[in-house]
Amino acid sequence: MTDRLSSLWQQRYRSPLPASLETSQNAAPICQSAVLDSLLSHRSVRAYRPDALPEGTLEAAIAAAQSAATSSNLQCWSVIAIESSERREVFARLCGNQAHIAAAPLFLVWLADISRLERLATQAGQPAEALDYTESFLIAAIDAALAAQNAVAALEAAGLGTVYIGGLRNHPLEVAKELDLPKGCVGLFGLCVGYEDETRPASIKPRLPQRAVLHRDRYDTTQEAGAIASFDAADNAFQQEQSLPPRLWSEAMVKRIVSREGLHGRDTLLASLKALGFPMK
């Protein structure tokens, strides 16, 4: 188990496994967890075999999703399964012509959904004023993200590949029309699910060192510059291994945020949310 964890850690961080995680009498139980192994193995899979998923896969994944935490038990998210090839092709186009959406046998559209709560209030003859506030949208978005990640964890542990699709937010109004979404419902992101094409395998992508994201007691940037410089080197090495153009991650990210062009049309998202029934007061 230690060798496996060391290998995954090296791939994820491009650094040796910390001594605190090495298997020993005092090692934390999480270090021996099959769940940690599966999570550290996560890769964004964009090449899929056409094989159908085993019967019951979708329902089991949604059971995992519904087992995630939900704020105040509001459960204000929904998901739409897109299974036919014709429908997947529609969403491939809507999401920026991403071919893997059409190739994967299952595409899940995760929704922030306050419409169900609004219908309950209407049926009870009560107002639903609290749903008009930004907090309600945040709750719905966070709930959906937590649920989706639970599903991903379960699917990947079963040997399936996944990749999230943020391009679903490129055209939120068109997506809503395509899915017949009610007022108070918006597509947040998509998720491809399927068996990875082994002839085009995905690799574990490095992440920032923990000292860049983990703070203790208070926010501390004293190690940030060194951590980012270290990651620039690791990310550039990964680029070369994948036969991709060399780059510095820090420079690429600045280019990504320097103008709204990098948002691919999502700079109008607030207006779209209001049009779809999220007043965002």
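**Charge, fold and aromatic pairs in a predicted model**

The chain carries 27 positive and 31 negative side chains, and a distance of 4 Å separates the centres of these two sets. The model is a predicted one, and the values below are computed from it.

In terms of secondary structure, the chain contains twelve helices and four strands. For 281 residues, a compact globule would be expected to show a radius of gyration near 19 Å, and the 21 Å found for the chain agrees with this. The C-alpha trace extends over about 60 × 50 × 45 Å along its principal axes. Buried positions make up 38% of the 281 residues. Among contacts with a separation of 6 or more, 76% join residues that are 24 or more positions apart. The accessible surface amounts to about 15,800 Å², and carbon and sulfur atoms contribute 54% of that area.

Aromatic side chains form six pairs under the criterion applied. In one of these pairs, the ring centres of Trp77 and Trp110 are 5.6 Å apart and the ring planes meet at 40°; the pair is therefore tilted, since this angle falls neither under 30 degrees nor over 60. Trp77 belongs to strand S1 (residues 77-82) and Trp110 to strand S2 (residues 106-113), so that the pair ties together parts of the chain 33 residues apart in sequence. Trp77 and Trp110 are both buried.

Another pair is made by Phe231 and Trp249, whose ring centres lie 5.3 Å apart; with the planes at 80°, the arrangement is edge-to-face. Here the two partners come from helices: Phe231 is part of helix H10 (residues 224-241) and Trp249 is part of helix H11 (residues 249-257), so the pair links parts separated by 18 residues in sequence. Phe231 has a relative accessibility of 4% and counts as buried, because this value is under 20%.

The surroundings of Trp249 include further residues. When residues up to four places away in sequence are not counted, Trp249 touches Leu208, Ile228, Phe231, Asp232 and Asp235. Phe231, the ring partner of Trp249, is thus also among the residues that Trp249 touches. The C-alpha atom of Trp249 is separated by 18 Å from that of Ser44, and these two residues are 205 residues apart along the chain.

A further buried position is found at Thr57, which is located in helix H3 (residues 57-66). The relative accessible area of Thr57 is 14%, and on this basis the residue is classed as buried. With neighbours within four places in sequence left aside, Thr57 is in contact with Leu155 and Leu160.

Two loop residues were examined for their backbone angles. Arg14 is not a glycine, yet has a positive phi of about 55°. Arg14 is situated in the loop between helix H1 (2-13) and helix H2 (34-40). With a relative accessibility of 26%, Arg14 counts as partly exposed, because this value lies between the limits of 20% and 50%. Asp180 is likewise a residue other than glycine with a positive phi, near 55°. The position of Asp180 is in the loop between helix H8 (172-179) and strand S4 (185-194). Asp180 counts as exposed, since its relative accessibility of 67% is over 50%.

Methods
Residues are numbered from 1 along each chain as its sequence is written. This is a predicted model: local features need pLDDT of at least 70, side-chain atom pairs count only at pLDDT 80 or more; totals for chains, interfaces and linings use all residues. Side-chain values use heavy atoms; hydrogens and water are left out. The radius of gyration is taken over C-alpha atoms; the globule rule is 2.2 Å times the number of residues to the power 0.38. Buried means under 20% relative accessible area, exposed over 50%, partly exposed in between (1.4 Å probe, protein chains only). Contact means heavy atoms within 4.5 Å. Accessible areas come from the Shrake-Rupley method with a 1.4 Å probe; for residues, only the protein chains shown count as cover. Lys and Arg count as positive and Asp and Glu as negative; His and the chain ends are not counted. The place of a charge is taken as NZ of Lys, CZ of Arg, CG of Asp or CD of Glu. Rings of Phe, Tyr and Trp (its six-membered ring) pair if their centres lie within 6.5 Å; planes under 30 degrees apart count as stacked, over 60 as edge-to-face and the rest as tilted.
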